[in-house]
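Please walk through the following structure with its fold, its core and its ligand site in mind. The terms are given their cut-offs as they come up.

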Amino acid sequence: MDALDALHLRSSVPKLGDPLPSQEMLENIYKAAFSAADHAVLRPWRFLVVKGDSREKLGELFAKAGVAKDASLNQAAIEKLRSKPLRAPLVLVCISSFKPHPKVPEIEQDLSAGAATQNMLLAAFVQGLGAMWRTGSLAYDPLVKNGLGLSSEEKIIGFLYIGTIDGGTKQPCEADFQPYFQEW
Ligand SMILES: Cc1cc2nc3c(=O)[nH]c(=O)nc-3n(C[C@H](O)[C@H](O)[C@H](O)COP(=O)(O)O)c2cc1C
């Protein structure tokens, strides 16, 4: 696929299924993170690769966090949390990993980690895979962050669900970009 087509046409795919993308495809995705704009080349990111049974472990952590926050949660709601990571064969936990630097404030490092995550969405798309960036309150939950081993300097910026497209994809809409660009 032409690079401009990829940039213009990428869209999220919420319904994902097996199989897990091949190792080669996954490495193409991981490598794409590293061409993100990155002031002082700090690589202010890391990614936890959650696949196979580890997704159940992540689901347990989500359920535990949900109950810790709201002890009145009913069984159906707990089950919903537990099954979230099973929505795709792979979940990448995308982490902005702040590295103190005299010239690169935290916001720039968060933006670089976000750009790396977007690059991975694109790399999935051009390979014909489905992907979706999700957060929700679990991304900001201290129990989830702790359970995933984040340091106090780190943030979860997204759960990237990646897999085989299972169902339809959206028709890309023609973005009305003009109003967002003003001559100054
Ligand atoms: C930081 C971030 C967090 C997001 N979290 C969610 C989410 O939790 N649930 C959701 O449905 N979409 C979420 N989205 C939006 C989707 O990833 C997606 O971009 C949106 O549905 C628009 O679809 P498109 O990517 O095909 O344009 C998030 C996007 C970003 C950048």
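**Strand pairing, core and ligand shell**

Strand 1 (residues 16-17) and strand 5 (residues 154-165) run antiparallel and are joined by two bridges. Strands pair here if DSSP finds at least two bridges between them. Helices (H or I, at least four residues) and strands (E, at least two) are DSSP runs, numbered from the N terminus. This is a predicted model, in which local features need pLDDT of at least 70 and side-chain atom pairs count only at pLDDT 80 or more, while totals for chains, interfaces and linings use all residues. Residues are numbered from 1 along each chain as its sequence is written.

Within the pairing of strand 1, Gly17 stands opposite Thr164 in strand 5. Strand 5 also pairs with strand 3 (residues 90-97) in the antiparallel sense, over eight bridges, and there Cys94 faces Gly158. Five bridges join strand 5 to strand 4, again antiparallel, with Arg134 opposite Phe159. In total the protein chain has six helices and five strands, in the order α-β-α-β-α-α-β-α-β-α-β from the N terminus on.

The radius of gyration of the protein chain, taken over C-alpha atoms, is 18 Å, which agrees with the value near 16 Å for a compact globule of 184 residues; the globule rule is 2.2 Å times the number of residues to the power 0.38. Along the principal axes, the C-alpha atoms fill a box of roughly 55 × 45 × 35 Å.

Buried residues make up 29% of the 184 residues; a residue is buried if 20 or more other C-beta atoms, placed from the backbone, lie within 10 Å of its own. A nonpolar core is a set of buried Ala, Val, Leu, Ile, Met, Phe, Trp, Tyr and Cys residues joined through C-beta atoms within 7 Å. The largest such core has 37 residues, of which Val91, Met120, Ala124, Ala131, Leu160, Tyr161 and Ile162 touch the most other members. Helix 5 (106-126) is among the elements that give two or more residues to this core, and its seven residues are the largest share.

Around the ligand lie Ser11, Ser12, Met132, Trp133, Arg134, Thr135, Gly136, Gly158 and Lys170; nearness means a C-beta atom, placed from the backbone, within 6 Å. Strand 4 (residues 130-134) supplies the largest share of this shell, three residues. By class, the shell holds two nonpolar, five polar and two charged residues, where Ala, Val, Leu, Ile, Met, Phe, Trp, Tyr, Cys and Pro count as nonpolar, Asp, Glu, Lys and Arg as charged, and the others, Gly among them, as polar.

Definitions and conventions
Buried ≥ 20, exposed ≤ 12 C-beta atoms within 10 Å, placed from the backbone.
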